[in-house]
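Student: I'm new to this one. Could you take me closely through a single part, the open sheet in chain A?

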There are 2 protein chains.
Amino acid sequence: MELDERKVKILQAIINNYLETGEPVGSRTISKYTDMGISSATIRNEMADLEELGLIVQPHTSSGRVPSDKGYRIYVDRLMKESKMDDPVFKEDLLTKVDKIDTLLQNIIKKLANNTNYATVVSTPQYQQTKLKHIKLIKLSEVKLVAVIVIEGDIVKNHIINITEEIDEERVEKINNLLNLNLTGLSLVDINLALIQSLKEQVGIYPDLLNSVLDAICETIQSSDEIQLYTSGATNILKYPDFSDIDKAVDILYTLEEKNILQELLLTTDTQYSKDIKIRIGNENSVEAMQECSVLTATYKLGDGLVGTIGIIGPKRMNYEKAVVNLKQAMFQMNEIFNNQLQITIKDNK
Amino acid sequence: MELDERKVKILQAIINNYLETGEPVGSRTISKYTDMGISSATIRNEMADLEELGLIVQPHTSSGRVPSDKGYRIYVDRLMKESKMDDPVFKEDLLTKVDKIDTLLQNIIKKLANNTNYATVVSTPQYQQTKLKHIKLIKLSEVKLVAVIVIEGDIVKNHIINITEEIDEERVEKINNLLNLNLTGLSLVDINLALIQSLKEQVGIYPDLLNSVLDAICETIQSSDEIQLYTSGATNILKYPDFSDIDKAVDILYTLEEKNILQELLLTTDTQYSKDIKIRIGNENSVEAMQECSVLTATYKLGDGLVGTIGIIGPKRMNYEKAVVNLKQAMFQMNEIFNNQLQITIKDNK
DNA sequence: TGTTAGCACTCATTGACGTTGAGTGCTAAC
DNA sequence: GTTAGCACTCAACGTCAATGAGTGCTAACA
């Protein structure tokens with residue numbers, strides 16, 4: 001049996017109606033509220049076919065039909081209207097005070113959650129491809145240093161280093177020069193143990209001290225591609241009758257709280273930058289607790305290879321059009337901000 | 001009417017029973033399961049008195065009694081057993097890797113939430129009284145500097161400064177010396193606009209540049225006493241039948257998500273360091289959504305005047321003994337870690 | 001005077017039962 | 001291929017009686 005045009009029309013009518021009311025939709029409703037000019041009996045026949053195709057299901061005999069995951073998939077891929085992004089959803093003022101990138105990300109997803117009434121999530125960007133801009137050791141006391149590491153996008157990391165032997169300002173300065181000479185401009189993946197080893201051998205001075213310093217830098221670099229996840233609007237989940245079963249709601253909220261599970265959920269697909277929005281519906285999600293949800297993700301870009309993810313999580317019976325438009329809006333504006341930011345940085349580097 | 005010893009005993013029995021079962025407790029239960037040797041009828045009389053005193057309430061006529069907020073208060077103040085802190089609740093390994101204080105705090109409340117099955121919250125310490133240990137400007141490019149600010153407890157903050165005129169390394173070094181000479185050792189409240197003004201006048205060199213730098217430092221300092229709040233185990237709230245009314249649960253979870261409301265809830269009492277645990281029960285809480293909850297808070301200390309708050313949030317029908325013991329444990333161990341940390345720091349400074 | 005047994009009363013909870021109504025699948029006629 | 005008609009299903013709802021845990025009150029007792 002094939003999915004002819006009339007069946008598609010009926011499927012669309014079912015999904016539209018279900019998205020609106022949340023009630024299983026019956027044949028009579030469709031025949032009445034669409035202008036297809038066919039009777040409910042005919043629609044019943046077609047619905048039986050659609051069910052056989054796996055696109056709709058009956059919660060129980062003698063109830064109306066509800067879209068299946070597969071049905072939603074067809075809706076999302078082929079039937080959904082792409083609304084235009086006319087009105088800027090985000091107020092500028094939220095986005096201009098970029099003193100700290102994490103705060104900015106949190107503000108954005110909070111706004112996104114408020115606008116959509118779904119839960120939202122964002123990951124900090126991954127730094128692996130980013131170039132190191134500057135390293136500086138600062139002497140705090142005789143046996144304590146701070147390593148300040150600046151990477152592309154002007155993100156600053158620091159790490160306390162406890163050293164075993166005393167060191168004077170002059171030596172610190174020498175090491176600073178050495179490090180900057182050898183390491184700046186490299187991407188973080190290039191600064192691997194091998195390179196550091198050769199650096200250790202290459203210069204014979206203060207081997208022990210250099211050891212601790214380099215180890216600490218290594219550690220900092222490794223720890224800096226730990227992704228942070230922030231969520232917002234988690235309580236929105238409880239607003240939807242789809243999750244009136246508390247246990248389901250708890251599973252979902254728990255997943256939102258446990259960042260490692262959440263990360264698994266977000267990053268199952270490739271983390272390549274893409275202009276498209278990815279939608280995973282129900283059992284398309286890898287995490288079991290989320291198989292009653294739909295997850296929309298987009299990527300944002302903060303310089304070369306510096307990619308993060310932003311997403312919306314809601315019930316499968318979600319207003320996909322609204323969610324998509326809001327997410328695109330967010331992605332678009334984030335890229336705009338970060339690109340402006342980057343342009344300044346690049347200009348500065350000349 | 002006064003609260004004689006027998007009434008207290010009955011109150012205790014009611015509360016113990018209610019904490020255990022969650023069901024309103026009747027006179028017959030009390031007479032059976034205590035060794036007071038009085039009949040249910042007598043207990044009924046006493047219960048009527050306790051009700052008149054406002055210590056217990058009936059959810060409806062012909063049901064058993066439930067403790068009122070006032071009843072819990074007496075329980076907490078006078079009747080509750082102080083269990084000893086025998087077993088160390090926190091694994092050492094969680095607490096040793098202190099590379100970043102925020103991560104440490106998050107680990108602690110996560111553990112605390114797991115141990116107690118309640119929601120937990122922690123505030124980052126307030127820095128107002130802390131002494132500045134070190135300031136260093138690092139030149140990133142011709143028009144961009146990073147200000148690295150180290151305060152007591154080896155907490156490092158940084159701030160990007162965009163400057164209008166170019167500057168060479170030598171000048172940066174001079175400003176560094178100037179800043180350290182004049183500002184280190186002062187507490188953050190001492191570094192006010194007045195002092196900075198006088199500093200600006202005192203030294204005539206590069207006034208414009210110094211302006212931007214000092215402004216940025218000022219801003220950093222001001223922003224560094226913004227309190228961050230972290231929560232954990234929020235979903236635990238949904239486990240308790242006390243919040244089976246979804247709307248109540250939503251209110252509570254929402255409060256946990258909205259950090260500014262949460263802060264109001266935590267910090268209504270003085271933020272002075274204290275060895276005691278504060279307990280606020282039901283309507284003793286300032287935030288309306290939380291008047292079905294009990295909130296336990298403790299303070300931890302990270303150096304002179306560097307005080308933060310850690311707390312447990314659960315239903316009024318909470319296992320107070322367990323919560324108190326866990327919170328004390330957490331407070332104790334945090335203070336231990338931070339004190340060790342501090343001792344090293346202080347030793348280093350000599 | 002405090003304690004207790006007894007009794008009538010209250011009220012949330014539970015389960016059985018019938019009604020309703022929205023919906024279906026199937027069949028036969030168009 | 002479409003449709004009208006019909007028997008059937010089943011969740012949802014309201015009613016009703018039974019149950020039982022609990023109370024307050026009264027009168028008798030020590």
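Tutor: Sure, let's start at one edge: strands S8(A) and S9(A), the latter covering residues 293-301, run antiparallel and are joined by four bridges. Strands here are DSSP E runs of at least two residues, helices are H or I runs of at least four, and both are numbered from the N terminus; two strands pair if DSSP finds at least two bridges between them. Within that pairing, A:Lys278 sits opposite A:Thr297 of S9(A).

Before going on, keep in mind that this is a predicted model, where local features need pLDDT of at least 70 and side-chain atom pairs count only at pLDDT 80 or more, while totals for chains, interfaces and linings use all residues. Residues are numbered from 1 along each chain as its sequence is written, chains are lettered from A and ligands numbered from 1 in the order written, and side-chain values use heavy atoms, leaving out hydrogens and water.

Now zoom out to the whole sheet: it is open, with five strands of chain A in the order S7-S3-S10-S9-S8 and antiparallel pairing. S7 (229-232) and S8 (278-281) of chain A are the edge strands with a single partner each, so one side of each has no neighbour in the sheet. From one strand to the next, the twist averages 20° (axes are lines fitted to C-alpha atoms, for helices over the stretch in contact, with angles from 0 to 180 degrees between N-to-C directions).

Finally, helix H11 of chain A (residues 259-266) packs on this sheet, touching S3 (119-123), S7, S8, S9 and S10 (307-315), where contact means heavy atoms within 4.5 Å. The direction of H11(A) makes about 90° with that of S7(A).
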